[in-house]
Amino acid sequence: MERSLETQVSQAVDAWLRWLPRWQPATHRGRVAPCRRCFGSPVLSAVGLGADVPHGVQHGLSTRMKAIVDAAVAEYTSRNLPMLQAELDQQAARNRARTYRPAEGLEPEFEGLPLDPEPVAGAPFLFTISGLAQESDQAVPDLPPLSSEAKAALRQEVGLADDYANMIGREICAVLLHHRLRVQAAVAQHVEPQIEAMLAELTRSLDAPFEPGIDPGRES
Ligand SMILES: [Zn+2]
């Protein structure tokens, strides 16, 4: 029997809660562009993970919710949208023909993030993961072009799939309202103390910027 949306959301929140104690603040430089999946996400605001929560904490949850939407839309498409399904099957076959697919099979905490670090001015990379992936993509022939009738029909089915995705997204938001308390309790337990410690450390280092030998926070 297929699991209800409530069960899927609840299990995804459970999985995220099991992961959360392993979260640590990023020590590398932050991303320049905001994440398109998390920035302004209604799913994240429904569950109370606002802009004051670090992106790494948000991303694992928004990705798990996106996976639920994707699976529901895939099911709906296979039942109701034959042209879109045929197009997706062709694209999937083309993707499988690529020899290098670094963006596939990642953990939810990493899925959908840039594959390479931000470039540093004056220090170009010898190669990038995304560059290698692009080369591998170019080595596979493009799909044959569609007629204009086929394009119009496909566009209509894509619109229906989008509507369905939005409907599932709204249902997920409604379900997530019931998980707010346990999500926020977990953030208070596992995330906020680390942020406070980081801020305290920053304040200490700003207080004594020119005295590297003296640590004012050290017990002696
Ligand atoms: Zn994100």
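The paragraphs below describe a zinc site, an aromatic pair, a pocket and several individual residues in a predicted model.

A good place to begin is the metal. In this model the zinc ion is held by two cysteines and two histidines, namely C35 through SG, C38 through SG, H55 through NE2 and H59 through ND1, with distances of 2.0 to 2.3 Å. Along the chain, these donors are spaced as C-x2-C-x16-H-x3-H. The 4 donor atoms make angles of 104 to 119° at the zinc ion, and the site is tetrahedral. That assignment follows because every angle in this range falls between the limits of 85 and 135 degrees set for four donors. As a point of reference, ideal angles for four tetrahedral donors are 109.5 degrees. Both cysteine donors are shielded from solvent: C35 has a relative accessibility of 7% and therefore counts as buried, and C38 is buried as well, with a relative accessible area of 4%. Each of these values lies under the 20% cut-off for a buried residue.

Attention now turns to aromatic contacts. A pair of aromatic rings is described by the distance of the centres and the angle of the planes. The count for this model comes to 1 aromatic pair. The partners are Y76 and Y164, which are stacked, with 4.0 Å from centre to centre and 5° between the planes. Because Y76 belongs to helix α3 (residues 55–80) and Y164 to helix α6, the pair ties together parts of the chain that are 88 residues apart in sequence. Y164 itself is partly exposed, at 22% relative accessibility.

Helices α3 and α6 appear again in the description of the second largest pocket. This pocket has a volume of about 430 Å³. It is lined by 16 residues, of which P42, V43, K66, V69 and G169 are the closest to its centre. Two or more lining residues come from each of α2 (42–47), α3 and α6. In terms of chemical class, the lining of the second largest pocket comprises 7 nonpolar, 4 polar and 5 charged residues.

Helix α6, which spans residues 148–176, also contains A152. This alanine is partly exposed, with a relative accessibility of 39%. From A152 to R79 the C-alpha atoms are 20 Å apart in space, for a separation of 73 residues in sequence. E171 is likewise found in helix α6, and E171 is partly exposed at 36% relative accessible area. Between E171 and S205 there are 46 Å in space, C-alpha to C-alpha, and the two are 34 residues apart in sequence.

Two glycines in loops complete the picture. G48 sits in the loop between α2 and α3 and is partly exposed, with a relative accessible area of 21%. The C-alpha atoms of G48 and V158 are 31 Å apart, and the residues are 110 positions apart in sequence. G112 lies in the loop between α4 (82–96) and α5 (129–138), and at 47% relative accessibility G112 counts as partly exposed. In the case of G112 and R36, a sequence separation of 76 residues goes with a C-alpha to C-alpha distance of 9.2 Å.

Key
Residues are numbered from 1 along each chain as its sequence is written. This is a predicted model: local features need pLDDT of at least 70, side-chain atom pairs count only at pLDDT 80 or more; totals for chains, interfaces and linings use all residues. Side-chain values use heavy atoms; hydrogens and water are left out. Donors are N, O and S atoms within 2.8 Å of the metal (3.2 Å for Na, K and Ca); water is not among the atoms, so sites may look incomplete. Four donors count as tetrahedral if all angles lie between 85 and 135 degrees; four count as square planar and six as octahedral if opposite donors are over 155 degrees apart and all others between 65 and 115; anything else is irregular. Buried means under 20% relative accessible area, exposed over 50%, partly exposed in between (1.4 Å probe, protein chains only). Helices (H or I, at least four residues) and strands (E, at least two) are DSSP runs, numbered from the N terminus. Rings of Phe, Tyr and Trp (its six-membered ring) pair if their centres lie within 6.5 Å; planes under 30 degrees apart count as stacked, over 60 as edge-to-face and the rest as tilted. On a 1 Å grid over the protein atoms alone, a cavity is a set of points where a 1.4 Å probe fits but cannot get out, and a pocket is an open set with protein on both sides within 12 Å along at least five of seven lines; lining residues have an atom within 4 Å of a point. Grid points are joined across faces, edges and corners, and a volume is the space filled by probe spheres set on the points. Ala, Val, Leu, Ile, Met, Phe, Trp, Tyr, Cys and Pro count as nonpolar, Asp, Glu, Lys and Arg as charged, and the others, Gly among them, as polar.
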